[in-house]
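User: I am new to this structure and would like a close look at one part of it. Could you walk me through the place where the ligands are held, and what surrounds them there?

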Amino acid sequence: MADIRHDWTTAEIQDLLHQPLLDLVYRAQTLHRQYSDRQIQLATLLSVKTGGCAENCAYCPQSAHYETTVQKQPILPVAEVLASAQKAKDLGASRFCMGWAWREIRDGEAFDQMLEMVQGVKNLGLEACVTAGMLNESQAQRLAAAGLTAYNHNLDTSPENYDNIITTRTYGDRLQTLDHVRQSGVQVCSGGIIGLGETWGDRAQMLQVLATLQPHPESVPINALVAVAGTPLADQPPVDPFDLVRMCATARILMPKARVRLSAGRSRLSDEAQVLCFLAGANSIFYGDKLLTTANPDQDSDRQLLEKIGALEEQTLASGCSK
Ligand code: SAM
Ligand code: DTB
Ligand code: SF4
């Protein structure tokens, strides 16, 4: 386990990010082979509660602070969520992630429904993930007792850049939620977004915060901004695909055992750019025509791509839906 370090410095991470691309990918792939197989996990997302969120995250079409075309949608019924989970399983997904446009979880009927959804998803034999904003210790414990596999809560950017992106909560709030999740025994899923206007220094700092968590997050989503009309970041230029490759490779080197998820922004990537990200150590994608509110590549083309490169999970092959 000599490769698992928790004392990475920002300077070391900057050096990695700026290595010649092929050297960086080679180093990441070498580690990846030691810790993982070549299969790409398919995780399907569902927006259980959409829009009208109290936070002002500058990238997010679901924030009540901005006017976007996102239609507000109250909490979906438990049965509808479980039907979607069953469909995702039939199409070959092994993880089901439920998103809630909330600043924080509140106790009460809605939380009880969330617990029921988690139990139901687990009973289908899927990994269950929830992302629903901040939570306290007892909420984390109740989610753990319901069988939740992982809780997603992204750092999004560096501590320094944070106030340029979100002012309605602090970086410390975010870290505290991650700590509650860790203490409860639920796996931590935390990553960030590139393309917000951040510097390479910000990217290195964000990775440093993640890589100095002890233990590392089990799951690290790397998102490229989906620039949505009406949000303050609507006019951000698209991310260079090679920047995503560098982020995936560096996350893989820093956190060798984590599942690195090539997340939002795949619609703009060629097949070849995605495969380069897989070579760099990304080993999961979101699978389904929609992320939460924005478009994702369609399931057929994703399956065909993974089949072509021989990277489908056993579950997907067993479900017979690779045909
Ligand atoms: N409200 C909860 C929260 O923010 O933690 C959960 C849902 S929120 C939509 C989950 C994550 O999606 C955010 O932390 C952010 O990293 C990512 N995200 C949201 N909008 C995005 C966009 N336009 N482009 C890329 N990633 C985005
Ligand atoms: C994550 O890091 N990315 C996913 C998931 N975790 C919840 C969400 C991406 C959202 C992209 C914008 C949207 O579709 O609303
Ligand atoms: Fe709300 Fe989450 Fe969107 Fe921020 S990212 S506005 S917390 S839904």
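Analyst: In this predicted model, a polar atom in the side chain of asparagine 154 lies 2.9 Å from an oxygen atom of ligand 1. Arginine 174 also has a polar side-chain atom facing an oxygen atom of ligand 1, at 3.0 Å. With valine 226 the contact runs through the backbone: one of its polar backbone atoms is 2.9 Å from a nitrogen atom of ligand 1. On its own, ligand 1 would expose 560 Å², and the protein buries 90% of that.

If you step back from these contacts, you find 16 residues surrounding ligand 1, and the closest are Tyr59, Asn154, Asp156, Arg174 and Val226. Sorted by class, this shell holds nine nonpolar, five polar and two charged residues.

Now for ligand 2. An N or O atom in the side chain of asparagine 223 is 2.8 Å from an oxygen atom of this ligand. Leucine 292 offers a polar backbone atom, 3.0 Å from an oxygen atom of ligand 2, while asparagine 152 has a polar side-chain atom 3.4 Å from a nitrogen atom of ligand 2. Ligand 2 alone has 410 Å² of accessible area, of which the protein covers 88%.

Among the residues around ligand 2 you will also spot Leu45, Pro61, Thr131, Phe286 and Thr294. Asn154 is on that list too, and we met Asn154 above as one of the closest residues to ligand 1. By class, the shell of ligand 2 has six nonpolar and six polar residues, with no charged ones.

So much for the ligands; what about the space that holds them? A search of the whole structure turns up one cavity of 30 Å³ or more, and the largest cavity has a volume of about 870 Å³. It is lined by 44 residues, and those closest to its centre are Tyr59, Cys60, Gln62, Asn154 and Leu292. Four elements each give two or more residues to this lining: strand 1 (41–49), strand 2 (95–100), strand 3 (127–131) and strand 7 (219–224). Counted by class, the lining has 24 nonpolar, 13 polar and seven charged residues.

Here is how the pieces join up. The space taken by ligand 1 is the largest cavity, and ligand 2 sits in the largest cavity as well. When you turn the model, Asn154 is a handy place to start: it is among the residues closest to the cavity centre, its side chain makes the contact with ligand 1, and it is listed around ligand 2.

Technical notes
Residues are numbered from 1 along each chain as its sequence is written. Chains are lettered from A and ligands numbered from 1 in the order in which they are written. This is a predicted model: local features need pLDDT of at least 70, side-chain atom pairs count only at pLDDT 80 or more; totals for chains, interfaces and linings use all residues. Side-chain values use heavy atoms; hydrogens and water are left out. A residue is near a molecule or strand if one of its heavy atoms lies within 4 Å of it. A polar contact is a pair of N or O atoms within 3.5 Å; within protein, one must be able to donate a hydrogen and the other to accept it, and residues adjacent in sequence count only if both atoms are side-chain atoms. Accessible areas come from the Shrake-Rupley method with a 1.4 Å probe; for residues, only the protein chains shown count as cover. On a 1 Å grid over the protein atoms alone, a cavity is a set of points where a 1.4 Å probe fits but cannot get out, and a pocket is an open set with protein on both sides within 12 Å along at least five of seven lines; lining residues have an atom within 4 Å of a point. A molecule sits in a cavity or pocket if more than half of its atoms lie within 2 Å of its grid points. Ala, Val, Leu, Ile, Met, Phe, Trp, Tyr, Cys and Pro count as nonpolar, Asp, Glu, Lys and Arg as charged, and the others, Gly among them, as polar. Grid points are joined across faces, edges and corners, and a volume is the space filled by probe spheres set on the points.
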